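Open your viewer and settle in for a short walk through this structure. Each stop suggests something to select and tells you what is there.

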Amino acid sequence: MKEIDWANLSFGYMKTDYNVRCYYRDGAWGELELCSEETLNIHMAATCLHYGQEAFEGLKAYRGKDGKIRIFRPEANAERLQSTCDGILMPELPTEMFVAAIKKVVKANERFIPPYESGAALYIRPLLIGTGAQVGVHPADEYLFVVFVTPVGPYFKGGFSTNPYVIIREFDRAAPYGTGRYKVGGNYAASLRANKKAHDLGYSCEFYLDAKEKKYIDECGAANFFGIKNNTYITPKSSSILPSITNRSLMQLAEDLGIKVECRPVPEEELETFEEAGACGTAAVISPIQRIDDLENKKSYVISKDGKPGPVCTKLYNKLRAIQYGDEPDTHNWVTILD
Ligand SMILES: *Cc1c(COP(=O)(O)O)cnc(C)c1O
């Protein structure tokens, strides 16, 4: 095998040795199968291809200084996948089976887990698709669960830094009580236009308001939003936000640090009052926000006056990364160590 340049990995796909698959047929899940084939052979009338009966997850495995491999909160991803399955009528995969599949695929691809020093990690991508053939709009009778992995580089190559965002009103990602709270591919298809517009305008990402009133903050691209002020961590509550496991973890860490936590609707104007703000998710943990521009209303909410990440974002970021890499004790039992 060609040596992997760990220091220069991007967030792309790299072929690894194995993926894990599990089929749902006749009303039951089968065995977990280790597979070295990268392609899927599915029926052209599969419901995932026509009617978007597809769910996915994203999590990471980290190699510690002690050489141990840590997987961050896989049970939480299992539960979120179950919630997505419930939302789009797919059979739920039991938590034990999900976690066993994650461990199996990570173990089988151990040589692709980046070294501790690189700051990189192994990205784990589970997906569940309707494979049964249907032409009418019905849930499939057969499903396939697949987990593959790929090594990904550190998100902040030039160091932890801030980014500019732009409010997009023209395109919505998800409607209230729609599929925004489920991790389905359709939400991403719906976000591509807004994301392209933000990029074309020179921003790193699009910023969504609630689809109904365009008054409250929803998400920053495919990441949750949080703001910090008066020793309080504030994150929006809405029926179209995807419940981020990173956000949930940061809320707990904030509480541990004596910071108050509020989960409630956040009106756009409140952006003016934040001392710090960030976008959070598995990819970056926290991507601190430099400013949020509202072009239609000729407003710019400058969050970071000096362009640098604030002290609370930095502290939370370092704390969560330290737990993920095993540099600090895992007091909340978030980490699964690979045996
Ligand atoms: C996956 C995802 C997130 C982040 O969730 P994490 O569990 O923290 O990785 C946030 N928003 C959307 C829309 C997502 O799909």
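## Stop one: the cysteines

This is a predicted model, and the tour begins with Cys35. Select Cys35 and Cys22: the sulfur of Cys35 has its closest cysteine sulfur in Cys22, but the gap is 13 Å, so the two are too far apart for a bond. Cys35 has 17% relative accessibility and therefore counts as buried.

Now add Cys85 to the selection. Its closest cysteine sulfur is also found in Cys22, 12 Å away, which is too far for a bond. With a relative accessible area of 0%, Cys85 is buried. How many disulfides does the count come to? With a cut-off of 2.5 Å between the sulfur atoms, the count is 0 disulfides.

## Stop two: the whole chain

Zoom out and show the chain as a cartoon. You will be looking at 6 helices and 18 strands. The C-alpha trace spans about 55 × 50 × 35 Å along its principal axes. A compact globule of 339 residues would have a radius of gyration near 20 Å, and the 20 Å of this chain agrees with that.

Next, switch on the surface. The accessible surface of the chain is about 15,600 Å², and 51% of it belongs to carbon and sulfur atoms. Of the 339 residues, 52% count as buried. Take contacts between residues at least 6 apart in sequence: 71% of them join residues at least 24 apart.

## Stop three: the largest nonpolar core

In soluble globular proteins, nonpolar side chains tend to be buried together. To look at such a group here, select Trp29, Val106, Ile124 and Phe145, which touch the most other members of the 39-residue largest nonpolar core. Then colour the elements that give two or more residues to this core: strands S1 (19-25), S5 (59-63), S6 (69-72), S7 (121-130) and S8 (143-152), together with helices H2 (74-87) and H3 (95-108). Which element gives the largest share of this core? H3 does, with 7 residues.

Stay with helix H3 for a moment. Its 14 residues should span 20 Å at 1.5 Å a residue, and the end C-alpha atoms are indeed 20 Å apart. Show its buried residues as sticks: Thr95, Met97, Phe98, Val99, Ala101, Ile102, Val105 and Val106.

Now centre on Ile124. Setting aside residues up to four places away in sequence, Ile124 touches Glu57, Gly58, Leu59, Lys60, Ala61, Ile71, Ile102, Val106, Val147, Phe148 and Val149. A second, separate core has 24 residues, among them Tyr62, Ala254, Ile259 and Leu320.

## Stop four: helices H5 and H6

Select Leu253, which lies in helix H5 (residues 245-256). Is Leu253 buried or exposed? It counts as buried, because its relative accessibility is 1%. Beyond its neighbours within four places in sequence, Leu253 is in contact with Leu316, Lys319, Leu320, Ile323 and Trp334. For a sense of scale, draw a distance to Ala121: the C-alpha atoms of Leu253 and Ala121 are separated by 22 Å, and the two residues are 132 apart along the chain.

Finish on helix H6 (residues 311-325). Its 15 residues reach 21 Å from first C-alpha to last, close to the 21 Å expected at 1.5 Å a residue. The buried residues of H6 are Cys313, Leu316, Tyr317, Leu320, Ala322, Ile323, Gln324 and Tyr325. Step just past the end of H6 and you meet Gly326, with a positive phi of about 80°.

Key:
Residues numbered from 1 in each chain as written. Predicted model: local features only at pLDDT ≥ 70, side-chain atom pairs only at ≥ 80, totals over all residues. Heavy atoms only, no water. Core = buried A, V, L, I, M, F, W, Y, C linked by side-chain atoms within 4.5 Å. Buried < 20%, exposed > 50% of the residue type's maximum accessible area, 1.4 Å probe, protein only. Helix = DSSP H or I, 4+ residues; strand = E, 2+ residues; numbered from the N terminus. Contact = heavy atoms within 4.5 Å. Expected span 1.5 Å × (residues − 1). Rg over C-alpha atoms; globule rule 2.2 N^0.38 Å. Areas by Shrake-Rupley, 256 points an atom, 1.4 Å probe, with all protein chains shown as cover.
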